[in-house]
Amino acid sequence: MSSLSGHPYLIMNGLGNRFVIIDLRDNPMVIDNDLAKKIADPKTGPGCDQVITLEHRKGIDGVFMGIWNADGDEVGACGNASRCVGWLLMEEQDESETRFETASGALHATKVGDKRIAVDMGEPKFHWRDIPLAEQMDDTRFVDIKLGPIDNPVLWGPSTVNVGNPHCIFFVDDVNAHALEKFGPMIEHHPLFPERANVSIAQVTSKHAIRLRVWERGAGITKACGTAACAALVCAHRRRLTGRKAVITLDGGDLAVEWREDDNRIIMTGPISLDEKGEFGTDF
């Protein structure tokens, strides 16, 4: 297929994180940066936070989930989209669990309720080379980044982790007291992050609850980010702020996240919604 003209798509969301999902398994084509940006921009396409494809890719067994941010960059992980894709495949296969591939590795999804999906997001990576960081940091629980006056910074000492993509989390007393829209892009493009970073501010409200706001690389402030919720939980636990299970409250709603001790894997559970079906116009 050389064109998307007339090709169907789905609009789905996880906690308000909006996706255009395109099934290319029977009609393979290349989604490049410009096409992904055109689809994601509501002025030129359906509009979304991420463009998601279902594909058969060479050398990969089973279904591959492609992910493009709104700025056109292809990325390795998207937790909320993973729940949506998991649900679609389970509906298609008439199964209660499924497995699919991403650029960051295989994911396993399970139905736990009506349009409520749990996804095994894999193991977090904490080594500075794996995040990655541009320079050696022996303890990524506290990274030397400060915002504001050197002698009295507004924000400082975030945690960093890779959960399929790089995350930088600042722990604060009040998530509403900080202008994420201003410092989010600054930290996303900070020289310490050669692949840029997703930036979060996290307010621990109890040993089992976190309030989270997210600046997603390539997309800006989003109502929800599944990988950021996973990142916040594991980093909070490493800093002894929470247990291994917590409800993460984002602008779009709640996700349940568990970092299992027995196998080091992160399980993220939350709702999905199928909002509409459409077809691309002739300009695609």
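This is a short dialogue about a predicted model of one protein.

Visitor: What makes the protein agree with a compact globule?
Guide: Compare two radii. With 284 residues, a compact globule would have a radius of gyration near 19 Å. The protein has 18 Å, so the two agree.

Visitor: How do you know which residues of the protein count as buried?
Guide: There is a cut-off: buried means under 20% relative accessible area. Of the 284 residues, 55% count as buried.

Visitor: What makes two residues a contact, and how many contacts join residues at least 24 apart?
Guide: Heavy atoms within 4.5 Å make a contact. Take the contacts between residues at least 6 apart in sequence: 59% of them join residues at least 24 apart.

Visitor: Why are strand β6 and strand β7 said to pair?
Guide: Two strands pair if DSSP finds at least two bridges between them. Strands β6 (residues 97-102) and β7 (residues 105-113) have 6 bridges, so they pair. The sense is antiparallel. E97 stands opposite T110 in β7. The two strands form a hairpin, with 2 residues between them.

Visitor: How do you know that β7 also pairs with β8?
Guide: Apply that rule again. At least two bridges are needed, and 5 bridges join β7 to strand β8 (residues 116-120). Therefore they pair. These strands run antiparallel. T110 has A118 as its bridge partner in β8. In this hairpin, K115 takes a positive phi near 55 degrees.

Visitor: Which side chains count as positive or negative, and how many are there?
Guide: Lys and Arg count as positive, Asp and Glu as negative. The protein has 31 positive and 42 negative side chains. The centres of the two sets lie 4 Å apart.

Key: Residues numbered from 1 in each chain as written. Predicted model: local features only at pLDDT ≥ 70, side-chain atom pairs only at ≥ 80, totals over all residues. Heavy atoms only, no water. Rg over C-alpha atoms; globule rule 2.2 N^0.38 Å. Buried < 20%, exposed > 50% of the residue type's maximum accessible area, 1.4 Å probe, protein only. Charge placed at Lys NZ, Arg CZ, Asp CG, Glu CD. Helix = DSSP H or I, 4+ residues; strand = E, 2+ residues; numbered from the N terminus.
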